[in-house]
Amino acid sequence: NITLLLVLTVSGHAATITWTNTVAGIWSVAANWYPNQVPGAADTVVIPLAATNGAAVDVPYTIQKLILDGGNLATTGNSLDTLTVNGQINWTNGIMGCTVTNNGVMTLAGTNGVDYMLVALLYNAGTINLASGNLLINYCGYNNGALFNAAGALLNFQHDASIDISSNQFGLCDPPFNNSGTIRKSGGTGTSYFYAPLNNSGTVDVQTGTI
């Protein structure tokens with residue numbers, strides 16, 4: 001007797017999946033996306049301007065690429081509501097309101113002068129490029145904004161960017177801003193300001209201008 005063994009291998013293909021719920025909704029509900037599928041580890045996720053009320057991450061997720069284009073990444077309030085991005089993050093506007101781990105290259109490149117609002121933990125294990133605008137860390141009230149730059153990671157100021165805080169935070173609730181990697185000012189001949197107190201155990205490398 002001859003037995004034939006047929007092995008069928010199904011490989012997943014990367015997709016671009018866009019949030020379509022303009023009222024607010026839960027990440028794990030397929031109907032909130034186009035196409036109607038929950039993003040997977042190989043996928044690109046787009047949170048558009050219309051998502052002003054939030055795409056709420058409800059359990060730990062891993063994706064390849066995130067485009068935050070004016071919408072709101074939110075959370076359900078669970079400490080495990082986290083998003084890991086292994087490839088690229090393009091943040092042009094909007095609010096980052098869930099815990100995000102950046103393992104690749106994150107670029108803040110929206111309208112020059114805009115504040116990108118961070119109201120949850122951003123853990124950088126890769127590279128963050130501040131190409132235009134400023135990063136605002138909000139740690140007051142219900143907000144828990146924090147920035148951790150890990151050992152071996154790079155926070156790169158490509159122009160005269162600053163680390164801002166909300167005006168009502170001064171002297172009241174300073175946000176966590178910890179650096180164990182490298183903070184570099186590689187662009188701009190003016191001054192970059194850290195309004196959030198820096199807890200530094202890494203390197204601050206000023207190649208041009210002033211911090």
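These are my notebook entries on one predicted model.

**Entry 1: the chain overall**

I started with the secondary structure. The chain has 20 strands and 0 helices. I then looked up its extent: the C-alpha trace spans about 80 × 40 × 30 Å along its principal axes. Next I asked how much of the chain is buried. Of its 211 residues, 43% count as buried. For the surface I noted an accessible area of about 9,900 Å². Carbon and sulfur atoms hold 52% of that area.

I also looked up how contacts are spread along the sequence. Among contacts with a separation of 6 or more, 43% are between residues 24 or more positions apart.

**Entry 2: the nonpolar core**

Which residues touch the most other members of the largest nonpolar core? I found Trp27, Ile47, Leu73, Leu83 and Leu135, in a core of 39 residues.

I picked Leu73 for a further look. Leaving aside residues up to four places away in sequence, Leu73 touches Trp27, Ile47 and Leu83, among others. Those three are also on the list of residues that touch the most other core members. Earlier in the sequence than Leu73, its partners also include Ala55, Val57, Leu66 and Leu68. Later in the sequence I noted Ile95, Met96, Gly97, Cys98 and Val100.

**Entry 3: salt bridges**

I turned to charged side chains. Side chains of opposite charge can pair when their charged atoms come close. How many salt bridges are there? The count comes to 2.

One of them joins the side chains of Asp160 and Lys185, at 2.6 Å from N to O. The two residues are 25 residues apart and belong to distant parts of the chain. Asp160 sits in the loop between β15 (154-157) and β16 (163-164), while Lys185 is in strand β18 (residues 182-185).

Is Lys185 buried or exposed? Lys185 has a relative accessible area of 0% and therefore counts as buried, the cut-off being under 20%. Its partner Asp160 is partly exposed, with a relative accessible area of 30%.

The other salt bridge is between Asp205 and Arg184, with 2.9 Å from N to O. Asp205 lies in strand β20 (residues 203-206) and Arg184 in strand β18, so this pair ties together parts that are 21 residues apart in sequence. I checked the exposure of both side chains' residues. Asp205 is partly exposed at a relative accessible area of 22%, and Arg184 is partly exposed at 26%.

**Entry 4: strand β18**

I closed with a note on strand β18. Lys185 lies in this strand, and so does Arg184. Lys185 pairs with Asp160, and Arg184 pairs with Asp205.

Key: Residues are numbered from 1 along each chain as its sequence is written. This is a predicted model: local features need pLDDT of at least 70, side-chain atom pairs count only at pLDDT 80 or more; totals for chains, interfaces and linings use all residues. Side-chain values use heavy atoms; hydrogens and water are left out. A salt bridge is a side-chain nitrogen of Lys or Arg within 4 Å of a carboxyl oxygen of Asp or Glu. Helices (H or I, at least four residues) and strands (E, at least two) are DSSP runs, numbered from the N terminus. Buried means under 20% relative accessible area, exposed over 50%, partly exposed in between (1.4 Å probe, protein chains only). A nonpolar core is a set of buried Ala, Val, Leu, Ile, Met, Phe, Trp, Tyr and Cys residues joined through side-chain atoms within 4.5 Å. Contact means heavy atoms within 4.5 Å. Accessible areas come from the Shrake-Rupley method with a 1.4 Å probe; for residues, only the protein chains shown count as cover.
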